[in-house]
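Here is a short report on one protein model. It starts with a sheet and ends with a pocket.

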Amino acid sequence: IVPVPLFRLRERERGFNQARLLAEGLKRGLEKQTNGKGLRIESGALLRTRATLPQAGLKVRARRENVRGAFAVVKPELVQGRQVVLVDDVMTTGATLSACAGALRKAGASKIYALAMARATPQFPDTEDQAQAAGVDEPSRDWT
């Protein structure tokens with residue numbers, strides 16, 4: 001289980017990483033059902049390499065650009081050949097989860113599942129007159 005990381009200064013300021021707390025709850029719940037075999041939270045596997053603007057309030061294209069190249073796997077041995085559950089608090093366009101999944105895939109994760117506590121429906125004025133690409137929750141979309 002890999003929580004989406006905050007930039008170190010933002011986490012220090014906030015005092016916690018909400019995705020990490022959600023990952024811990026997920027792990028506890030799964031341990032009760034499966035005896036916890038093989039489940040680990042790997043907070044140190046994925047790193048936010050630079051500060052990014054908060055995604056709230058950004059348009060679709062700006063969200064993608066904001067997180068492009070912002071994540072790196074610093075301990076590839078923790079994800080290489082493994083199935084990874086990526087955990088975040090809120091997903092709107094999927095830009096953050098996609099950027100994280102790309103870094104995990106590049107590091108050799110065999111399969112990546114993304115979970116978010118909340119799903120916000122994007123209502124962006126910049127998308128109304130554009131053809132929509134496959135949405136993040138469409139089954140035909142390959143996120144691994």
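Two strands count as paired if DSSP finds at least two bridges between them. This model is predicted. In it, two bridges link strand 1 to strand 4, residues 83–91, and the two run parallel. One partnership can be named: P3 has V87 in strand 4 as its bridge partner.

The sheet is open. Its three strands follow the order 1-4-5, with parallel pairing. Strand 1 (2–3) and strand 5 (111–119) stand at the edges. Each has a single partner strand, so one side of each is left without a neighbour in the sheet.

Which strands does helix 2 touch? Helix 2 packs on the sheet and touches strand 1, strand 4 and strand 5. Helix 4 lies across strand 4 and strand 5. The table gives the direction of each helix against strand 4.

| Helix | Residues | Angle to strand 4 |
|---|---|---|
| Helix 2 | 18–34 | about 125° |
| Helix 4 | 95–106 | about 160° |

Now the second largest pocket. Its volume is about 460 Å³. The lining of this pocket has 27 residues, and Q55, D88, D89, V90 and T96 lie nearest its centre. Helix 1 (8–14), helix 2, helix 3 (60–67), strand 4 and helix 4 each give two or more residues to the lining. Which element gives the largest share of the lining of the second largest pocket? Strand 4 does, with four residues. By type, the lining residues of this pocket divide into twelve nonpolar, nine polar and six charged.

Methods:
Residues numbered from 1 in each chain as written. Predicted model: local features only at pLDDT ≥ 70, side-chain atom pairs only at ≥ 80, totals over all residues. Heavy atoms only, no water. Contact = heavy atoms within 4.5 Å. Axes fitted to C-alpha atoms, helices over the stretch in contact; angles between N-to-C directions. 1 Å grid on protein atoms, 1.4 Å probe; cavity = no way out; pocket = protein on both sides within 12 Å on 5 of 7 lines; lining within 4 Å. Points joined across faces, edges and corners; volume = space filled by probe spheres on them. Nonpolar A, V, L, I, M, F, W, Y, C, P; charged D, E, K, R; others polar.
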